[in-house]
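Student: Could you take me through one part of this model in detail, namely the salt bridges and the residues that form them?

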Amino acid sequence: KNQTQVAQNHRVGVEWHHMSYWKPNRGASATREPEATWIEDDTFDIIQAEWTATLSENALLDTRFSHLKVWFPTFHQPDARPQATLDTGTGIYSNARDLDVERDRRRYTFKSDLSYYLSEWGGAGHDWKFGFEWNHSPIENVSKAIDDVELRKVNGVADQVRLRNTTTITKQAVNQLGFYVDDIITVGTRATIKVGLRLDKYEGYLPEQASPGGLWVGEAAYPERRNIVNFTSLAPRIALVLGLEEGRGSALKASWGRYYHQFTTGWPDFANQNGNLFDTYSWTDLNGNGIFDDGEQGTLLSRGIAADNLVDPDMKHPY
């Protein structure tokens, strides 16, 4: 972290935070063999630049830009074997995890705040704060499966096979734009009133994306879909602090405010047709080698159905 006074009233700064998280056997348990666990080696990085300017005796401007990157992979073990298997008779997972997933999560933020103080205006003191914030949060997930299948056995006997649509590359994003104004009003020596108003606009959408497919499905491409989630909210707040005696040894405090839910990038993905799907077939191990070979699938038991705009367009912004 570094801060530099570039002029009498101007200071700039930059900082970098890094965290590593190493989990060599995610999911390990008495019913999951070591080769059927994940390797999860996460990294979290935040880079931020800041400019602070003293505009006058009464005004201070603070502006920041930051970039958050979360690299969240869950990889197959190096000794994973074909093919990921669950024995529903014993409850044992073996050979490999069902999916190998690389998750690239980012957040770009620009934020600027202006503080302005007036010791006397309209018979009271005022401590104003104005600000706006812009966030762009995209995600990209890459999912793979060994041989694009997942097996089900019953006490070692072949039962079902899931034919996956991997490899899939899915994308989703959320944008947020917010504005706010606050005022702390000091009346005399005993009364303080805090009033505020915040306006936020959220949009969750699906960028243009494509998946290369694999053994059982071909390439799939999807156009951009905007406004999967789209909310504009206005949040008022008010508070009162009233001193009951000189020196404020005791005080009465009351407040009311409305606070809206913040959305994660997971919301638009509910409507993403480019998801991880599989068709389930009965399976007979014809050659007795313990793994699935094309041609051993039997009756289609269920088909993977892509999401179809599962976000209610009439949903209101929760608060």
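Tutor: What follows is a close look at the salt bridges, centred on one acidic residue. This is a predicted model, in which local features need pLDDT of at least 70 and side-chain atom pairs count only at pLDDT 80 or more, while totals for chains, interfaces and linings use all residues. Residues are numbered from 1 along each chain as its sequence is written, and side-chain values use heavy atoms, with hydrogens and water left out.

The structure holds 19 salt bridges, a salt bridge being a side-chain nitrogen of Lys or Arg within 4 Å of a carboxyl oxygen of Asp or Glu. Glu133 forms one of them with Arg107, where the closest N and O atoms are 3.9 Å apart. That pair links distant parts of the chain, since Glu133 belongs to strand S8 (residues 124–144) and Arg107 to strand S7 (residues 100–121), 26 residues apart; strands are DSSP runs of E, at least two residues long, numbered from the N terminus. Glu133 also meets Arg198 in a salt bridge, at 3.7 Å from N to O. Because Glu133 lies in strand S8 and Arg198 in strand S12, this pair ties together parts that are 65 residues apart in sequence.

As for accessibility, Glu133 is buried at a relative accessible area of 14%, whereas Arg107, at 31%, is partly exposed; buried means under 20% relative accessible area, exposed over 50%, and partly exposed in between, with a 1.4 Å probe and protein chains only. Both Glu133 and Arg198 are buried.

Elsewhere, Lys111 forms a salt bridge with Asp113, the closest N and O atoms being 2.8 Å apart.

Terms used: Helices (H or I, at least four residues) and strands (E, at least two) are DSSP runs, numbered from the N terminus.
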